[in-house]
Amino acid sequence: MQRNFDTFKIPDTITPKTVQTTEQGVEVLWSDSHKSSYTWSWLRSIQYGSENKDLANVHGKRFWNSQSIASNPPEVTYKAAMSKNDSKGMADLTNKIREYGLCFVTNTPKTPEATNELLETIGPVRNTHYGGFYDFVPDLAKADTAYTNLALAAHTDTTYFTEPAGLQAFHMLSHSPPPNATDGKETLGGQSLLVDGFYAAHRLRKEFPEAYEVLRKVKVPWHASGNQGIAIAPDKAYPVIEAGTKRLYRIRWNNDDRGVVPLNVDVDEWYKAARRWDSILRRKQNEYWFQLTPGRVLIFDNWRVLHGRSAFEGLRRICGGYINRDDFISRWKTSNFPSDQVIASNMQLK
């Protein structure tokens, strides 16, 4: 679908010679004798403010808290998502991630190979300084708290990238108790935590509008500087809440990876706003706690959903990976909509 001629060699003196309407659309005969056809649906799609909305705005996002998500979390089966003869499973998976910010893939083979294949079906696994597809135990192979057994507060990953990872996946392959342990697995800990960052931002805006505006407008630095030879920071400082006047775009929040609040802003006001934000994230009704289990892969939107965990004992083996946002949205479009609609939406870039 690339343009295959030099636009700027076309004379700018060409004008319409005749314009004829039909049931299908509009036919134009130009002064250089070439003809063009435009369908009514295409013409409607390019009108500013058209009712024929672009794909990027189809299917609104559903805010959730623990009560609304815990009893019926979004999920699809591995078999449906991986079907090569029917895209409905992949459409369902990508739609639920887009709508809720997360989806579980059930009955997944309990292997890193099957997990990697699942992720690659959505889009290429993103390479970072951690590598590509990850398969690790808490051995501090990387200088990051994710590679420990410590508790982690709700956060988004890769805040220090100009474009943070779009999707993230976790598949717990095993969790064995420490040597000489006498307690059962239920006492090992390591529960996972999810918080809907968009809902938290909505509550902050409703309850503390001044704090919301501070976190939306004040840009702060982020960094990853713990590993030898690694000193990553985004192209510029970014706010915690990236949003327009009506639409939330992205949450960037990891207090451990945050740099110093710039002194050219009211630092006290920023910390006051950040405390409000932190208190909303930690509300019990906003925290969705659950246990990762082998065969049940979690995939979530890292631009929206914050994740964390409780401390744990023993040895956990986790595999998963990151997927770029653009690759995820591409898969969502191509599995949910006809090709001509996808191409028309892409070419308008609304």
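I'll start with a helix pair. Helix H7, residues 209–217, and helix H8, residues 267–281, have axes that come within 9 Å and cross at roughly 110 degrees. Angles of 65 to 115 degrees count as roughly perpendicular, and H7 and H8 are therefore roughly perpendicular to each other. Keep in mind throughout that this is a predicted model.

Which residues make that contact? From H7 there are Ala-211, Val-214 and Leu-215. On the H8 side they meet Glu-269, Trp-270, Ala-273, Ala-274, Arg-276 and Trp-277. Sorted by class, the contact of H7 with H8 has seven nonpolar residues, no polar ones and two charged ones.

H7 has another contact to go through, with H6. The axes of H6 and H7 are 5 Å apart, and the packing angle is about 130 degrees. That makes H6 oblique to H7. On the H6 side the residues are Ala-201, Leu-204, Arg-205, Lys-206 and Glu-207, and they meet Pro-209, Ala-211, Tyr-212 and Leu-215 in H7. The class count for H6 with H7 is six nonpolar, no polar and three charged. Ala-211 and Leu-215 of H7 appear in the contact with H6, and Ala-211 and Leu-215 are also listed in the contact with H8.

Next, the sheet that H6 packs on. Four strands form an open sheet, ordered S7-S14-S9-S12, with antiparallel pairing. Why do S7 and S12 each have a side without a neighbour in the sheet? Strand S7, 152–155, and strand S12, 288–290, stand at the edges with a single partner strand each, so one side of each is left without a neighbour. Direction ignored, neighbouring strands here are turned by 15 degrees against each other on average.

At the S7 edge, two bridges join S7 to strand S14, residues 305–309, and the two run antiparallel. His-155 stands opposite His-307 in S14. Helix H6, residues 197–207, packs on this sheet and touches S14 and strand S9, 192–196. The direction of H6 makes about 50 degrees with that of S9.

Now the N-terminal part. The UniProt record, an unreviewed entry, carries the annotation "domain: Gamma-butyrobetaine hydroxylase-like N-terminal" over residues 2–44. Over residues 2–44, the chain is 12% helix and 40% strand. The C-alpha atoms at the two ends of that range are 22 Å apart.

There is also a three-stranded open sheet, in the order S1-S2-S3, with antiparallel pairing. Its edge strands are S1, 16–21, and S3, 35–39, each of which pairs on one side only. The twist from one strand to the next averages 15 degrees. How many bridges join S2 to S3? Five bridges join strand S2, residues 25–30, to S3, and the two strands run antiparallel. Val-28 has Ser-36 in S3 as its bridge partner.

The last item is another helix pair, H4 and H9. Helix H4, residues 88–100, and helix H9, residues 325–336, pack at an angle of about 130 degrees, with axes 8 Å apart. H4 and H9 are therefore oblique to each other. H4 passes H9 in a left-handed crossing.

The H4 residues involved are Met-90, Ala-91, Thr-94, Asn-95, Ile-97 and Arg-98. In H9 they meet Arg-325, Phe-328, Ile-329, Arg-331, Trp-332, Ser-335 and Asn-336. How does this contact divide by class? For H4 with H9 there are six nonpolar, four polar and three charged residues. Polar residues number four here, whereas the contact of H7 with H8 has no polar residues and the contact of H6 with H7 has none either.

Conventions: Residues are numbered from 1 along each chain as its sequence is written. This is a predicted model: local features need pLDDT of at least 70, side-chain atom pairs count only at pLDDT 80 or more; totals for chains, interfaces and linings use all residues. Side-chain values use heavy atoms; hydrogens and water are left out. Axes are lines fitted to C-alpha atoms, for helices over the stretch in contact, and angles run from 0 to 180 degrees between N-to-C directions. Angles under 35 degrees count as roughly parallel, over 145 as roughly antiparallel, 65 to 115 as roughly perpendicular and the rest as oblique. A crossing is left-handed if the near helix is turned anticlockwise from the far one by less than a right angle, and right-handed if clockwise. Contact means heavy atoms within 4.5 Å. Ala, Val, Leu, Ile, Met, Phe, Trp, Tyr, Cys and Pro count as nonpolar, Asp, Glu, Lys and Arg as charged, and the others, Gly among them, as polar. UniProt positions are given in the numbering used here, feature names are shortened, and annotations may be inferred rather than shown by experiment. Two strands pair if DSSP finds at least two bridges between them.
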